[in-house]
Amino acid sequence: MTSTPARRRPYGVKGAPYAFLIPAIALFLLFFALPIGYAVYLSFRKVEVSGLGLGAGAREEVWAGLQNYTDALTDSELLDGALRVLGYGCVVVPVMLGLALLFALMLDSEKVRFTPVTRLAIFLPYAIPGVVAALLWGFLYLPDVSPFYFVLDRLGLPQPDLLDGGPLYLALANIAVWGGTGFNMIVIYTSLRAIPAEVYEAAKLDGASPLQIAVRIKIPMVAPSLVLTFFFSIIATLQVFNEPTTLKPLTNSVSTTWSPLMKVYQDAFGKGDIHAAAAQAAIIALVTLVLSFGFLRAANRRNKQEAAR
């Protein structure tokens, strides 16, 4: 009995998947890789002015080496902005992820009714653009127009200025928490729904209470989702820009360099020093990459250790 030789697929069929990838690769190179490469190129250049800077040839772009990076790392405004973002992140990330986990566990409970409506209500703030949300909250923070201050005045209670000093961090963090909790909640809730029902039934037969099931079963099993949401939250915190920029016209406590990205924007479009701004942007991107990679590596190492036990 002779075996029939296997048919060889034409070369065009083998190359079809790569042909489908060409548009995505082209868009990635054109709108992502190319701008990044150009920004890195600009970060190694500077403008040299001769004389009064007037006339043709008075301003010439020359090679700067690492000078822009050295200036950025010793820039007090950039470092102060990084410290402010660090304090801002210490408030936003734990509160936002804690609320997202709490809401996800509540929605996954059997006793909760109207789950679709509640889930939509929690997620809805995420659908509102960040600038619009910052404007809405900004006017709610203003004593002259806020209904909250009117109620506090009627009740004879103190009226704190949320746009000045330390409360400013809480005001900015509230906007981020209000807008980002819904997205993180959906990610965690989806992971909870993927847990087999047999796991819960076995725990109930062993006499576990709903609280014990949540703490000892649900939270450990959605740990990868918590890592993912924490990763996204860290990146979003390091890139905070919309909230302080939108609130800046409403208060003098927010400077034009309040966050590192605001410093980059101010140098590029306010001072016209696009080369220094490119170096600062490259440093911010590198710090974000290092922190993200380090966190993911630590999380993966911990998961491997727990799996080996």
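**A walk through the helices**

Let's start at Ala-127, which sits in helix 5, the stretch covering residues 115-127. Keep in mind that what you are looking at is a predicted model. Is Ala-127 buried or exposed? Its relative accessible area is 54%, and because anything over 50% counts as exposed, Ala-127 goes down as exposed. Now look for Gly-179: although it is 52 residues away from Ala-127 along the chain, the C-alpha atoms of the two are separated by 8.0 Å.

Next, go to helix 7, which runs over residues 147-154. Its N-terminal end is capped by Ser-146, and if you zoom in you'll find a side-chain oxygen of that serine 3.2 Å from the backbone nitrogen of Phe-148. After helix 7 comes Gly-156, and the phi of this glycine is positive, near 70°.

Now for some helix packing. Two packed helices are described by the angle between their axes and the distance between the axes. Take helix 9 (residues 197-205) and helix 10 (residues 210-221): their axes come within 11 Å and cross at roughly 155°. Angles over 145 degrees count as roughly antiparallel, so that is how helix 9 and helix 10 lie relative to each other. The crossing of helix 9 past helix 10 is right-handed. Which residues of helix 9 meet helix 10? On the helix 9 side they are Val-199, Tyr-200, Ala-203 and Lys-204, and they meet Ile-213, Ile-217, Lys-218 and Met-221 of helix 10. Sorted by class, this contact has six nonpolar residues, two charged ones and no polar ones.

The other pair to look at is helix 4 (76-107) with helix 11 (residues 223-238). Here the axes come within 10 Å and cross at roughly 150°, so helix 4 and helix 11 are roughly antiparallel too. Helix 4 passes helix 11 in a right-handed crossing. From helix 4, the contact takes in Val-85, Tyr-88, Gly-89, Val-93, Met-96, Leu-97 and Leu-101, while helix 11 brings Leu-226, Thr-229, Phe-230, Ser-233, Ile-234, Thr-237 and Leu-238. By class, that gives 10 nonpolar and four polar residues, with no charged ones in the contact of helix 4 with helix 11.

Stay with helix 4 and step back along the chain to Asp-75, in the loop between helix 3 (67-73) and helix 4. The Asp-75 side chain reaches the backbone nitrogen of Glu-77 at 3.0 Å. Beyond its neighbours within four places in sequence, Asp-75 is in contact with Lys-263 and Gln-280.

That brings us to Lys-263, in helix 13 (residues 260-270). Is this lysine buried or exposed? Its relative accessible area is 1%, and since buried means under 20%, Lys-263 is buried. Leaving out residues within four places in sequence, Lys-263 is in contact with Asp-75, Glu-77, Leu-78, Thr-256, Thr-257 and Gln-280.

Finally, pick out Thr-257 from that list of Lys-263 contacts. Thr-257 is in the loop between helix 12 (242-247) and helix 13, and it is buried as well, with a relative accessible area of 9%. Not counting residues up to four places away in sequence, Thr-257 touches Glu-77, Gly-81, Arg-84, Met-262, Lys-263 and Gln-266. As for Thr-237, one of the helix 11 residues in the contact with helix 4, its C-alpha atom and that of Thr-257 are separated by 16 Å, with the two threonines 20 residues apart along the chain.

Note on methods:
Residues are numbered from 1 along each chain as its sequence is written. This is a predicted model: local features need pLDDT of at least 70, side-chain atom pairs count only at pLDDT 80 or more; totals for chains, interfaces and linings use all residues. Side-chain values use heavy atoms; hydrogens and water are left out. A polar contact is a pair of N or O atoms within 3.5 Å; within protein, one must be able to donate a hydrogen and the other to accept it, and residues adjacent in sequence count only if both atoms are side-chain atoms. Helices (H or I, at least four residues) and strands (E, at least two) are DSSP runs, numbered from the N terminus. Axes are lines fitted to C-alpha atoms, for helices over the stretch in contact, and angles run from 0 to 180 degrees between N-to-C directions. Angles under 35 degrees count as roughly parallel, over 145 as roughly antiparallel, 65 to 115 as roughly perpendicular and the rest as oblique. A crossing is left-handed if the near helix is turned anticlockwise from the far one by less than a right angle, and right-handed if clockwise. Contact means heavy atoms within 4.5 Å. Ala, Val, Leu, Ile, Met, Phe, Trp, Tyr, Cys and Pro count as nonpolar, Asp, Glu, Lys and Arg as charged, and the others, Gly among them, as polar. Buried means under 20% relative accessible area, exposed over 50%, partly exposed in between (1.4 Å probe, protein chains only).
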